[in-house]
Amino acid sequence: IHFMVYTAADIARIVAPKAQLPQPAAPVRHLLTDSRHLLSAADTLFFALPGPRRSGNDFIPDLYEKGVHNFITADAALAHTLSQANCIV
């Protein structure tokens with residue numbers, strides 16, 4: 001089975017032109033909405049979705065420490081604190 005591999009820059013062009021991309025060629029093979037199900041940090045894109053009790057943004061620092069460097073977030077201020085992460089706002 002062949003899967004399409006996108007880069008952080010490809011996804012930013014599709015989703016939002018406002019992005020901080022220090023690693024635009026970073027591959028994205030996995031999409032993650034629940035931080036408890038992280039499989040492969042190096043090629044994961046985490047969607048920081050709002051929830052009824054917690055925001056996905058709350059999990060970004062921990063995921064960043066685990067090696068995830070691709071995020072979609074509505075929090076532009078948070079994006080600026082992760083200098084090596086690709087943050088699509």
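A salt bridge is taken here as a side-chain nitrogen of Lys or Arg within 4 Å of a carboxyl oxygen of Asp or Glu, and Asp58 and Arg54 form such a bridge, with their closest N and O atoms 3.6 Å apart. The structure is a predicted model, and the salt-bridge rule gives a count of 5 for it. Its strands include an open sheet of 5, in the order 2-7-6-5-4 and with mixed pairing, while its buried nonpolar residues include a core of 14 residues and a second, separate core of 7.

**Sheet order and strand pairing**

- The open sheet runs in the order 2-7-6-5-4, and its edges are formed by strand 2 (19-20) and strand 4, each of which pairs on one side only.
- Strand 4 (residues 30-32) pairs with strand 5 (residues 44-47) in the parallel sense over 3 bridges, and within this pairing His30 has Thr44 of strand 5 as its bridge partner.
- Strand 5 is also paired in the parallel sense with strand 6 (residues 70-72), here over 2 bridges, and Phe47 stands opposite Ile72 of strand 6.
- Between these two strands the chain passes from strand 5 through helix 2 (residues 60-65) to strand 6, a β-α-β crossover that is right-handed.
- Strand 6 and strand 7 (residues 86-88) run parallel and are joined by 3 bridges, with Ile72 standing opposite Ile88 of strand 7.
- Helix 1 lies across strand 2, strand 5, strand 6 and strand 7, and the helix runs at about 10 degrees to strand 7.

**Nonpolar cores**

- The largest nonpolar core holds 14 residues, of which Phe46, Ile60, Phe71 and Leu82 touch the most other members.
- Helix 2 and helix 3 (76-81) each supply at least two residues of this core, and helix 2 gives the most to the core, with 3 residues.
- A second, separate core of 7 residues has Ala12, Val28, Leu45 and Ile88 among its members.
- When residues up to four places away in sequence are set aside, Phe71 touches Leu45, Phe46, Ile60, Leu63, Tyr64, Leu82, Ala85, Asn86, Cys87 and Ile88; among these contacts, Phe46, Ile60 and Leu82 are named with Phe71 as the residues of the largest core that touch the most other members, whereas Leu45 and Ile88 belong to the second core.

**Salt bridges and the exposure of their partners**

- Side chains of opposite charge can pair when their charged atoms come close.
- The side chains of Asp10 and Arg13 meet in a salt bridge with an N to O distance of 2.6 Å, and both residues lie in helix 1 (residues 8-15), 3 residues apart, which is about one turn of the helix.
- Asp10 counts as partly exposed because its relative accessibility is 22%, whereas Arg13, with a relative accessible area of 61%, is exposed.
- In the bridge between Asp58 and Arg54, the aspartate Asp58 has a relative accessibility of 43% and so counts as partly exposed.
- Lys66 and Asp62 form another salt bridge, in which the closest N and O atoms are 3.3 Å apart; Lys66 is partly exposed at a relative accessible area of 48%, and Asp62 is likewise partly exposed, at 42%.

**Loop residues and their long-range contacts**

- Arg29 is found in the loop between strand 3 (27-28) and strand 4, and its contacts, not counting residues up to four places away in sequence, are Val5 and Asp43.
- Although Arg29 and Asp43 are 14 residues apart along the chain, their C-alpha atoms are separated by 5.5 Å.
- Ser35 is found in the loop between strand 4 and strand 5, and this serine counts as buried because its relative accessibility of 17% is below the 20% limit.
- Outside its neighbours up to four places away in sequence, Ser35 touches Phe46, Phe59 and Leu63, and of these Phe46 is one of the residues that touch the most other members of the largest core.
- Asp62, which lies in helix 2, is 27 residues from Ser35 along the chain, and the C-alpha atoms of the two are separated by 8.8 Å.

Technical notes. Residues numbered from 1 in each chain as written. Predicted model: local features only at pLDDT ≥ 70, side-chain atom pairs only at ≥ 80, totals over all residues. Heavy atoms only, no water. Helix = DSSP H or I, 4+ residues; strand = E, 2+ residues; numbered from the N terminus. Buried < 20%, exposed > 50% of the residue type's maximum accessible area, 1.4 Å probe, protein only. Pairing = 2+ DSSP bridges. Right-handed = clockwise from strand over helix to strand, strands pointing away. Contact = heavy atoms within 4.5 Å. Core = buried A, V, L, I, M, F, W, Y, C linked by side-chain atoms within 4.5 Å. Axes fitted to C-alpha atoms, helices over the stretch in contact; angles between N-to-C directions.
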